[in-house]
Amino acid sequence: MIDVDGLDVYYGSEAAVKGLDLLVQDHETCAIIGPSGCGKTTLLYALAGLIKPASGSIRIGGEVLNKTRKKTGLILQNYGLLPWKRVWENLAFPLKTRGMGKNDIKTNVGKVLEQLGLMEFAEKFPSELSGGQQQRVAIGRSLVLQPDLLLMDEASSALDAITKEHIQNLVLDVFRKNRMTLVLVTHNIEEAVFLGQKIVVMKQGTVVRTMENPVFGLDDLRNNMSFYETCLEVRRVLDEESS
Ligand SMILES: Nc1ncnc2c1ncn2[C@@H]1O[C@H](COP(=O)(O)OP(=O)(O)OP(=O)(O)O)[C@@H](O)[C@H]1O
(Lines give C-alpha, C1' and ligand atoms only; values in the text may rest on other atoms or scores of the structure.)
Protein backbone atom coordinates (compact mmCIF):
# COMPACT_ATOMS: atom_id res chain seq x y z
CA MET A 1 0.00 0.00 0.00
CA ILE A 2 1.07 3.59 -0.64
CA ASP A 3 0.20 5.82 2.27
CA VAL A 4 0.94 9.53 1.86
CA ASP A 5 0.22 11.60 4.91
CA GLY A 6 0.30 15.40 5.12
CA LEU A 7 2.92 15.74 2.38
CA ASP A 8 4.50 19.16 1.79
CA VAL A 9 7.05 19.65 -1.00
CA TYR A 10 8.73 22.98 -1.68
CA TYR A 11 10.84 24.40 -4.49
CA GLY A 12 12.68 27.18 -2.67
CA SER A 13 9.99 29.06 -0.78
CA GLU A 14 7.16 27.93 -3.12
CA ALA A 15 5.01 24.98 -2.04
CA ALA A 16 4.29 22.64 -4.97
CA VAL A 17 2.51 20.04 -2.81
CA LYS A 18 0.66 21.05 0.35
CA GLY A 19 -0.80 18.80 3.05
CA LEU A 20 -1.46 16.03 0.56
CA ASP A 21 -2.98 12.73 1.71
CA LEU A 22 -3.28 9.71 -0.57
CA LEU A 23 -3.93 6.00 -0.16
CA VAL A 24 -3.35 3.51 -2.96
CA GLN A 25 -3.89 -0.19 -2.25
CA ASP A 26 -1.55 -2.91 -3.50
CA HIS A 27 -2.35 -4.00 -7.07
CA GLU A 28 -4.56 -0.99 -7.59
CA THR A 29 -4.20 1.63 -10.32
CA CYS A 30 -4.48 5.30 -9.46
CA ALA A 31 -4.74 8.07 -12.06
CA ILE A 32 -3.81 11.56 -10.90
CA ILE A 33 -5.40 14.36 -12.88
CA GLY A 34 -5.57 18.12 -12.47
CA PRO A 35 -4.67 21.41 -14.12
CA SER A 36 -1.18 22.26 -15.27
CA GLY A 37 1.07 23.26 -12.37
CA CYS A 38 -1.08 21.65 -9.65
CA GLY A 39 1.80 19.44 -8.49
CA LYS A 40 1.15 16.09 -10.18
CA THR A 41 4.70 15.51 -11.39
CA THR A 42 6.12 16.71 -8.09
CA LEU A 43 3.98 14.16 -6.26
CA LEU A 44 5.16 11.43 -8.63
CA TYR A 45 8.82 12.36 -8.06
CA ALA A 46 8.22 12.32 -4.31
CA LEU A 47 6.67 8.82 -4.64
CA ALA A 48 9.78 7.79 -6.59
CA GLY A 49 11.96 9.03 -3.72
CA LEU A 50 13.62 11.61 -5.98
CA ILE A 51 12.37 14.68 -4.10
CA LYS A 52 12.52 15.01 -0.34
CA PRO A 53 9.37 16.32 1.32
CA ALA A 54 9.63 19.29 3.68
CA SER A 55 7.16 17.54 5.97
CA GLY A 56 4.68 14.70 6.05
CA SER A 57 5.46 11.11 5.15
CA ILE A 58 5.27 8.53 2.38
CA ARG A 59 5.02 4.87 3.31
CA ILE A 60 5.28 2.17 0.67
CA GLY A 61 4.56 -1.38 1.80
CA GLY A 62 4.67 -0.15 5.40
CA GLU A 63 8.18 1.33 5.08
CA VAL A 64 8.89 5.02 5.28
CA LEU A 65 10.31 6.19 1.96
CA ASN A 66 13.50 8.17 2.36
CA LYS A 67 15.35 7.23 -0.82
CA THR A 68 14.65 5.54 -4.16
CA ARG A 69 13.37 1.94 -4.04
CA LYS A 70 14.66 -0.91 -6.21
CA LYS A 71 11.12 -2.13 -6.79
CA THR A 72 9.75 1.19 -8.05
CA GLY A 73 9.79 1.80 -11.80
CA LEU A 74 9.51 5.36 -13.12
CA ILE A 75 8.58 6.25 -16.69
CA LEU A 76 9.07 9.88 -17.58
CA GLN A 77 7.45 12.09 -20.21
CA ASN A 78 10.52 12.13 -22.46
CA TYR A 79 10.93 8.31 -22.14
CA GLY A 80 14.46 8.62 -20.70
CA LEU A 81 16.02 6.22 -23.23
CA LEU A 82 19.76 6.08 -23.84
CA PRO A 83 20.07 7.32 -27.46
CA TRP A 84 23.44 5.69 -28.09
CA LYS A 85 22.26 2.23 -27.09
CA ARG A 86 20.12 -0.14 -29.11
CA VAL A 87 16.69 -1.21 -27.81
CA TRP A 88 18.12 -4.48 -26.50
CA GLU A 89 20.89 -2.67 -24.62
CA ASN A 90 18.47 -0.06 -23.25
CA LEU A 91 16.61 -2.89 -21.53
CA ALA A 92 19.74 -4.78 -20.52
CA PHE A 93 21.48 -1.73 -19.03
CA PRO A 94 19.50 -1.45 -15.76
CA LEU A 95 20.05 -5.18 -15.17
CA LYS A 96 23.80 -4.94 -15.87
CA THR A 97 24.13 -2.08 -13.40
CA ARG A 98 22.50 -4.33 -10.80
CA GLY A 99 25.07 -7.03 -11.46
CA MET A 100 22.81 -9.60 -13.14
CA GLY A 101 24.63 -12.35 -15.09
CA LYS A 102 24.63 -12.44 -18.91
CA ASN A 103 22.30 -15.42 -19.29
CA ASP A 104 19.72 -14.05 -16.86
CA ILE A 105 19.83 -10.70 -18.64
CA LYS A 106 19.24 -12.41 -21.96
CA THR A 107 16.23 -14.33 -20.62
CA ASN A 108 14.69 -11.33 -18.85
CA VAL A 109 15.16 -8.86 -21.69
CA GLY A 110 13.89 -11.43 -24.22
CA LYS A 111 10.72 -12.03 -22.19
CA VAL A 112 9.90 -8.34 -21.87
CA LEU A 113 10.63 -7.58 -25.54
CA GLU A 114 8.30 -10.44 -26.42
CA GLN A 115 5.55 -9.23 -24.07
CA LEU A 116 5.69 -5.71 -25.49
CA GLY A 117 5.90 -6.78 -29.14
CA LEU A 118 9.36 -5.23 -29.49
CA MET A 119 11.43 -8.19 -30.66
CA GLU A 120 11.66 -6.89 -34.22
CA PHE A 121 13.11 -3.59 -32.94
CA ALA A 122 15.73 -5.12 -30.64
CA GLU A 123 18.68 -3.98 -32.77
CA LYS A 124 17.37 -0.48 -33.54
CA PHE A 125 18.42 2.77 -31.89
CA PRO A 126 15.69 4.86 -30.18
CA SER A 127 15.97 7.54 -32.89
CA GLU A 128 14.91 4.94 -35.46
CA LEU A 129 11.62 4.31 -33.65
CA SER A 130 8.25 6.08 -33.61
CA GLY A 131 7.02 7.82 -30.44
CA GLY A 132 4.75 4.90 -29.58
CA GLN A 133 7.58 2.40 -30.06
CA GLN A 134 9.90 4.51 -27.89
CA GLN A 135 7.23 4.60 -25.21
CA ARG A 136 7.02 0.79 -25.34
CA VAL A 137 10.81 0.58 -24.90
CA ALA A 138 10.53 2.96 -21.91
CA ILE A 139 7.89 0.66 -20.38
CA GLY A 140 10.19 -2.29 -21.11
CA ARG A 141 13.10 -0.64 -19.30
CA SER A 142 10.99 -0.46 -16.17
CA LEU A 143 9.48 -3.90 -16.55
CA VAL A 144 12.80 -5.77 -16.73
CA LEU A 145 13.32 -4.77 -13.11
CA GLN A 146 10.05 -6.48 -12.14
CA PRO A 147 8.70 -3.49 -10.22
CA ASP A 148 5.94 -3.87 -7.65
CA LEU A 149 5.14 -0.18 -8.19
CA LEU A 150 5.14 1.56 -11.55
CA LEU A 151 4.98 5.36 -11.73
CA MET A 152 4.17 6.93 -15.08
CA ASP A 153 4.22 10.60 -16.02
CA GLU A 154 2.01 11.47 -19.01
CA ALA A 155 2.28 8.00 -20.54
CA SER A 156 0.89 8.94 -23.90
CA SER A 157 0.67 12.72 -24.10
CA ALA A 158 3.04 13.10 -27.05
CA LEU A 159 1.30 10.46 -29.15
CA ASP A 160 -1.45 10.62 -31.76
CA ALA A 161 -4.95 9.45 -30.80
CA ILE A 162 -4.68 5.90 -32.14
CA THR A 163 -1.18 5.26 -30.76
CA LYS A 164 -2.33 6.74 -27.45
CA GLU A 165 -5.06 4.09 -27.24
CA HIS A 166 -2.59 1.33 -28.13
CA ILE A 167 -0.24 2.44 -25.37
CA GLN A 168 -3.11 2.67 -22.88
CA ASN A 169 -4.23 -0.87 -23.83
CA LEU A 170 -0.65 -2.05 -23.40
CA VAL A 171 -0.29 -0.38 -19.99
CA LEU A 172 -3.50 -2.05 -18.80
CA ASP A 173 -2.27 -5.40 -20.10
CA VAL A 174 1.12 -4.92 -18.41
CA PHE A 175 -0.63 -4.01 -15.15
CA ARG A 176 -2.79 -7.14 -15.28
CA LYS A 177 -0.01 -9.55 -16.21
CA ASN A 178 2.63 -8.24 -13.81
CA ARG A 179 0.68 -7.82 -10.55
CA MET A 180 1.87 -4.39 -9.64
CA THR A 181 0.55 -1.13 -8.28
CA LEU A 182 0.31 1.60 -10.89
CA VAL A 183 0.24 5.36 -10.31
CA LEU A 184 -0.03 7.53 -13.38
CA VAL A 185 -0.18 11.25 -13.93
CA THR A 186 -2.27 12.50 -16.83
CA HIS A 187 -3.95 15.57 -18.32
CA ASN A 188 -6.25 13.36 -20.30
CA ILE A 189 -9.68 12.50 -18.88
CA GLU A 190 -10.16 9.43 -21.10
CA GLU A 191 -6.76 8.10 -20.08
CA ALA A 192 -7.64 8.59 -16.40
CA VAL A 193 -10.93 6.72 -16.84
CA PHE A 194 -9.38 3.95 -18.94
CA LEU A 195 -6.41 3.32 -16.64
CA GLY A 196 -7.44 4.55 -13.19
CA GLN A 197 -9.29 2.26 -10.81
CA LYS A 198 -9.09 5.23 -8.53
CA ILE A 199 -9.10 8.75 -10.00
CA VAL A 200 -7.51 11.42 -7.87
CA VAL A 201 -8.16 15.07 -8.71
CA MET A 202 -5.49 17.55 -7.62
CA LYS A 203 -5.65 21.31 -7.35
CA GLN A 204 -3.04 23.73 -6.06
CA GLY A 205 -0.80 21.06 -4.57
CA THR A 206 -3.40 18.96 -2.84
CA VAL A 207 -6.01 16.25 -3.46
CA VAL A 208 -9.48 17.75 -3.76
CA ARG A 209 -11.42 14.67 -4.87
CA THR A 210 -10.94 10.90 -4.98
CA MET A 211 -13.30 8.91 -7.17
CA GLU A 212 -13.65 5.13 -7.42
CA ASN A 213 -13.99 4.35 -11.11
CA PRO A 214 -17.09 2.17 -11.71
CA VAL A 215 -16.09 1.17 -15.25
CA PHE A 216 -12.40 0.34 -14.78
CA GLY A 217 -11.44 -2.90 -16.49
CA LEU A 218 -14.77 -3.54 -18.24
CA ASP A 219 -14.41 -5.43 -21.51
CA ASP A 220 -14.36 -3.35 -24.67
CA LEU A 221 -14.57 -0.25 -22.52
CA ARG A 222 -14.18 2.37 -25.24
CA ASN A 223 -17.28 1.05 -27.00
CA ASN A 224 -19.33 1.27 -23.83
CA MET A 225 -21.48 4.33 -23.19
CA SER A 226 -20.75 4.11 -19.45
CA PHE A 227 -17.09 4.90 -20.25
CA TYR A 228 -18.10 8.27 -21.73
CA GLU A 229 -20.57 8.92 -18.88
CA THR A 230 -17.72 8.42 -16.42
CA CYS A 231 -15.51 10.76 -18.50
CA LEU A 232 -18.26 13.39 -18.28
CA GLU A 233 -18.47 12.91 -14.53
CA VAL A 234 -14.70 13.48 -14.19
CA ARG A 235 -14.99 16.52 -16.45
CA ARG A 236 -17.76 17.93 -14.23
CA VAL A 237 -15.58 17.46 -11.15
CA LEU A 238 -12.62 19.19 -12.84
CA ASP A 239 -14.89 22.08 -13.93
CA GLU A 240 -16.35 22.43 -10.42
CA GLU A 241 -12.90 22.47 -8.90
CA SER A 242 -11.58 25.05 -11.34
CA SER A 243 -14.47 27.48 -10.84
N1 LIG B 1 12.30 22.39 -10.55
C2 LIG B 1 11.39 23.30 -10.14
N3 LIG B 1 11.80 24.46 -9.57
C4 LIG B 1 10.90 25.39 -9.16
N5 LIG B 1 9.57 25.25 -9.27
C6 LIG B 1 9.12 24.12 -9.84
C7 LIG B 1 10.00 23.10 -10.31
N8 LIG B 1 9.26 22.08 -10.84
C9 LIG B 1 7.96 22.48 -10.70
N10 LIG B 1 7.88 23.68 -10.11
C11 LIG B 1 6.64 24.41 -9.77
O12 LIG B 1 5.90 23.57 -8.89
C13 LIG B 1 4.52 23.60 -9.23
C14 LIG B 1 4.03 22.19 -9.54
O15 LIG B 1 4.69 21.71 -10.71
P16 LIG B 1 4.46 20.26 -11.30
O17 LIG B 1 5.37 20.08 -12.46
O18 LIG B 1 4.52 19.26 -10.22
O19 LIG B 1 2.93 20.39 -11.80
P20 LIG B 1 2.13 19.47 -12.79
O21 LIG B 1 0.75 19.37 -12.24
O22 LIG B 1 2.84 18.20 -13.03
O23 LIG B 1 2.13 20.36 -14.11
P24 LIG B 1 1.99 19.89 -15.64
O25 LIG B 1 0.65 19.21 -15.72
O26 LIG B 1 2.00 21.19 -16.39
O27 LIG B 1 3.13 18.99 -15.97
C28 LIG B 1 4.38 24.57 -10.39
O29 LIG B 1 4.00 25.83 -9.87
C30 LIG B 1 5.77 24.64 -10.98
O31 LIG B 1 6.01 25.89 -11.56
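In the predicted model, helix 1 (residues 40–47) lies across four strands, namely strand 3, strand 7, strand 8 and strand 9. The angle between helix 1 and strand 8 is about 155°. The strands crossed by helix 1 belong to an open sheet of six strands, arranged in the order 6-7-8-3-9-10 with mixed pairing. The edge positions are taken by strand 6 (72–75) and strand 10, each of which has a single partner strand, so one side of each is left without a neighbour in the sheet. On average, and with direction ignored, neighbouring strands of this sheet are turned by 15° against each other.

Within the sheet, strand 7 (residues 149–153) and strand 8 (residues 181–186) run parallel and are joined by five bridges. In this pair, Leu-151 stands opposite Val-183 of strand 8. A parallel pairing also links strand 3 (residues 29–33) to strand 9, here over four bridges. Ala-31 has Ile-199 of strand 9 as its bridge partner.

Strand 9 (residues 198–203) is mostly covered, with five of its six residues buried. Besides its parallel pairing with strand 3, strand 9 pairs with strand 10 (residues 206–212) in the antiparallel sense over six bridges. Ile-199 has Met-211 as its bridge partner in strand 10, while Ile-199 is also the bridge partner of Ala-31. Strand 9 and strand 10 form a hairpin with two residues between the strands, in which Gln-204 takes a positive phi near 45°. In general, side chains in a regular strand alternate between the two faces of the sheet.

Two helix pairs were also examined. Helix 2 (residues 87–97) and helix 3 (residues 102–115) have axes that come within 10 Å and cross at roughly 135°. The two helices, helix 2 and helix 3, are therefore oblique to each other. The crossing in which helix 2 passes helix 3 is right-handed. From helix 2, the contact involves Trp-88, Leu-91, Ala-92, Leu-95 and Lys-96; helix 3 contributes Ile-105, Asn-108, Val-109, Val-112 and Leu-113.

In the second pair, helix 4 (residues 131–143) packs with helix 5 (residues 161–178) at an angle of about 15°, and their axes are 10 Å apart. This angle makes helix 4 roughly parallel to helix 5. Helix 4 likewise passes helix 5 in a right-handed crossing. On the side of helix 4, the residues that meet helix 5 are Gly-131, Gly-132, Gln-135, Arg-136, Ile-139 and Leu-143. Their counterparts in helix 5 are Thr-163, His-166, Ile-167, Leu-170, Val-174 and Asn-178.

For the protein chain as a whole, the secondary structure comprises seven helices and 10 strands. The radius of gyration is 18 Å, close to the 18 Å that the globule rule gives for 243 residues, so the chain is as compact as a globular protein of that length. The C-alpha trace spans about 55 × 45 × 30 Å along its principal axes. Of the 243 residues, 38% are buried. Among contacts in the protein chain with a separation of 6 or more, 66% are between residues 24 or more positions apart.

Technical notes. Residues are numbered from 1 along each chain as its sequence is written. This is a predicted model: local features need pLDDT of at least 70, side-chain atom pairs count only at pLDDT 80 or more; totals for chains, interfaces and linings use all residues. The radius of gyration is taken over C-alpha atoms; the globule rule is 2.2 Å times the number of residues to the power 0.38. A residue is buried if 20 or more other C-beta atoms lie within 10 Å of its own, exposed if 12 or fewer, and partly exposed in between; C-beta atoms are placed from the backbone. Two residues are in contact if their C-beta atoms, placed from the backbone, lie within 7 Å. Two strands pair if DSSP finds at least two bridges between them. Axes are lines fitted to C-alpha atoms, for helices over the stretch in contact, and angles run from 0 to 180 degrees between N-to-C directions. Angles under 35 degrees count as roughly parallel, over 145 as roughly antiparallel, 65 to 115 as roughly perpendicular and the rest as oblique. A crossing is left-handed if the near helix is turned anticlockwise from the far one by less than a right angle, and right-handed if clockwise.
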